[in-house]
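Student: I've just opened this model and don't know my way around it yet. Could you walk me through it, starting with the terms I'll need?

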Amino acid sequence: MMTIYEQLKAERYSQQRWERKLQQRERRLMQQEEEAVLMLGIPLPAEEEKHERPMSQLLEVLREKSKENRRLKSSCDTIKELNDGMKKQLNKVNEQNKKLQSQSQRVLARLENLQKKYEHSTALRGPPKSSVKSTVCIKASQKETTADSGNASIKRRSGPTRLKLLTLLLDWVVDGQTAGSEGKGIGRCGLPSELVLNERCLKVLPLLSDQLQHTPLSEADLLLNLLRLIHWALRRLDSSTQHLALSATLRRIGEEASKPEEADRPGPCRRWPLSCSPCPHTRILSTLIILRTVTQADVLAQALEALRKELTSEESRGLFVHYAGVSVLLSMLQAGRGGLHTPVDVLMQLSEQSRYLNPFLEACSCEEFFQMASQLLKNPRLEFPALEKLSILLQKLSSIRKNRRLFERSSLRLQIQELDYNANQAHTFLCLNLRSILHNLG
């Protein structure tokens with residue numbers, strides 16, 4: 001028992017020594033901790049209480065600000081929804097406005113046609129019978145003599161012209177029939193067919209000009225066929241590789257198509273130019289002839305403006321594309337005649353959605369058009385609205401696969417890339433068109 005007591009006593013002393021050591025170590029650790037706190041600047045509990053009050057105030061202010069921000073955000077969302085609604089309403093109003101404008105233009109065009117028709121019918125009927133009765137008995141002999149002399153002069157003027165024109169056309173038809181059976185490419189006397197055609201066009205145009213001058217309005221079919229033949233001959237001479245000059249004849253043809261007939265000319269006279277005829281076929285052909293033959297700036301401007309109004313009709317668009325009106329506009333733009341604004345407007349008008357859009361795009365899918373477009377993009381006088389309209393047409397042409405080669409050959413792709421790089425991002429519509437073109441080209 002004593003042995004066990006001694007052992008327990010010794011164990012107790014060792015535990016007490018170990019406890020004192022632990023207490024000393026704990027004091028040293030607490031001293032080191034206080035020194036570390038003082039060195040690192042960690043706040044003590046008293047200092048923490050000092051900082052808690054301003055921190056709570058700041059947190060409260062932050063909560064208020066976040067609430068205010070949430071209220072502002074909800075207000076902005078509401079305003080945005082209202083703005084979107086107003087935009088939709090504005091778009092609807094704009095569409096209705098465009099429809100009403102197109103309807104008013106059609107009504108005005110119809111009214112103008114009816115007025116021209118009425119004037120035409122009154123010109124053919126002559127003065128009313130009631131006003132004629134009082135003067136018939138007095139001036140009967142004078143009228144008979146003047147009418148006879150006028151008819152005789154007309155016959156004397158138009159008789160040889162008609163005979164020459166008929167002879168030339170019959171010769172043309174017969175040679176065309178025999179050439180089809182004997183072989184192509186060789187005309188009469190062994191000459192190439194191109195030289196023969198050019199020679200005949202040179203001969204027939206002066207005769208056609210004289211015949212057009214003496215053809216009354218009552219002969220509407222003859223007028224139309226004369227215009228068709230004149231237009232075909234002009235196209236033939238334009239596409240010829242030879243340099244052919246008919247300045248006087250072309251000037252006369254342009255004057256006949258663009259000016260009303262003189263009142264002192266014997267026989268029935270036209271009260272309006274052929275480009276204002278009631279027949280759309282005649283209007284389109286005479287306008288194209290004016291654009292090919294006339295060089296006066298004011299006459300060209302009037303013809304282009306009349307053409308722009310005329311192409312609001314679907315039928316007129318089809319006739320314009322059928323008679324290769326696109327090539328006429330291209331030649332005008334390349335030569336710098338008629339300015340830039342109205343021809344580009346006409347091209348833009350033809351690129352609108354219609355049943356003749358694909359034939360028009362097909363007519364534009366040629367090297368001449370792409371070279372002209374490249375020249376226009378290089379022109380420093382090209383204004384921004386015209387550039388935007390031209391980009392719409394080029395965007396539609398870029399969607400046709402076979403046109404990719406033409407974009408490359410005319411360097412249009414590089415020009416469009418440069419335009420897209422330098423374009424002002426505020427011009428959203430132009431940038432979208434340019435990027436769409438580049439996307440279609442791949």
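Tutor: Helices (H or I, at least four residues) and strands (E, at least two) are DSSP runs, numbered from the N terminus. Please keep in mind that this is a predicted model, in which local features need pLDDT of at least 70 and side-chain atom pairs count only at pLDDT 80 or more, while totals for chains, interfaces and linings use all residues. Residues are numbered from 1 along each chain as its sequence is written, and side-chain values use heavy atoms, with hydrogens and water left out.

Student: OK, how many helices and strands does the protein chain have?

Tutor: There are 17 helices and 0 strands in the protein chain. Helix α10, which covers residues 325-335, can serve as a starting point, and just after α10 Gly 336 takes a positive phi of about 75°.

Student: And which residues of α10 are buried?

Tutor: With buried meaning under 20% relative accessible area, exposed over 50% and partly exposed in between (1.4 Å probe, protein chains only), the buried residues of α10 are Gly 325, Val 326, Val 328, Leu 329, Leu 330, Met 332 and Leu 333. These buried residues pack against α7, α8, α9, α11, α12 (357-364) and α13. Across the protein chain, buried residues make up 32% of the 442 residues.

Student: Back to phi, which residues have a positive phi without being a glycine?

Tutor: Ala 324 has a positive phi of about 55°, and Ser 411 has one of about 65°. Ala 324 lies in the loop between α9 and α10, whereas Ser 411 lies in the loop between α15 and α16.

Student: Why does Ala 324 count as buried, and why is Ser 411 partly exposed?

Tutor: Ala 324 counts as buried because its relative accessible area is 16%, and Ser 411 is partly exposed because its value is 36%.

Student: New topic: how many aromatic pairs are there?

Tutor: The structure holds 2 aromatic pairs, where rings of Phe, Tyr and Trp (its six-membered ring) pair if their centres lie within 6.5 Å, and planes under 30 degrees apart count as stacked, over 60 as edge-to-face and the rest as tilted. Phe 369 and Phe 370 form an edge-to-face pair, 5.8 Å centre to centre with 85° between the planes. The rings of Phe 370 and Phe 407 have centres 5.0 Å apart and planes at 75°, so this pair is edge-to-face. The pair of Phe 370 and Phe 407 links distant parts of the chain, 37 residues apart, with Phe 370 in helix α13 (residues 367-378) and Phe 407 in helix α15 (residues 404-409).

Student: Are those rings buried or exposed?

Tutor: Phe 369 is buried at 0% relative accessibility, Phe 370 is buried at 1%, and Phe 407 is buried with a relative accessible area of 0%. Phe 369, Phe 370 and Phe 407 form one aromatic cluster.

Student: What does Phe 369 touch further along the sequence?

Tutor: Leaving aside residues up to four places away in sequence, Phe 369 touches Leu 330, Leu 347, Cys 364, Leu 393, Leu 394 and Leu 397, where contact means heavy atoms within 4.5 Å. Phe 369 and Phe 360 have the most contacts inside the largest nonpolar core, which has 71 residues. Such a core is a set of buried Ala, Val, Leu, Ile, Met, Phe, Trp, Tyr and Cys residues joined through side-chain atoms within 4.5 Å.

Student: Which helix gives the largest share of this core?

Tutor: That is helix α5 (residues 220-239), which supplies 8 residues of the largest nonpolar core.

Student: Last one, how are contacts spread along the protein chain?

Tutor: Among contacts in the protein chain between residues at least 6 apart in sequence, 69% join residues at least 24 apart.
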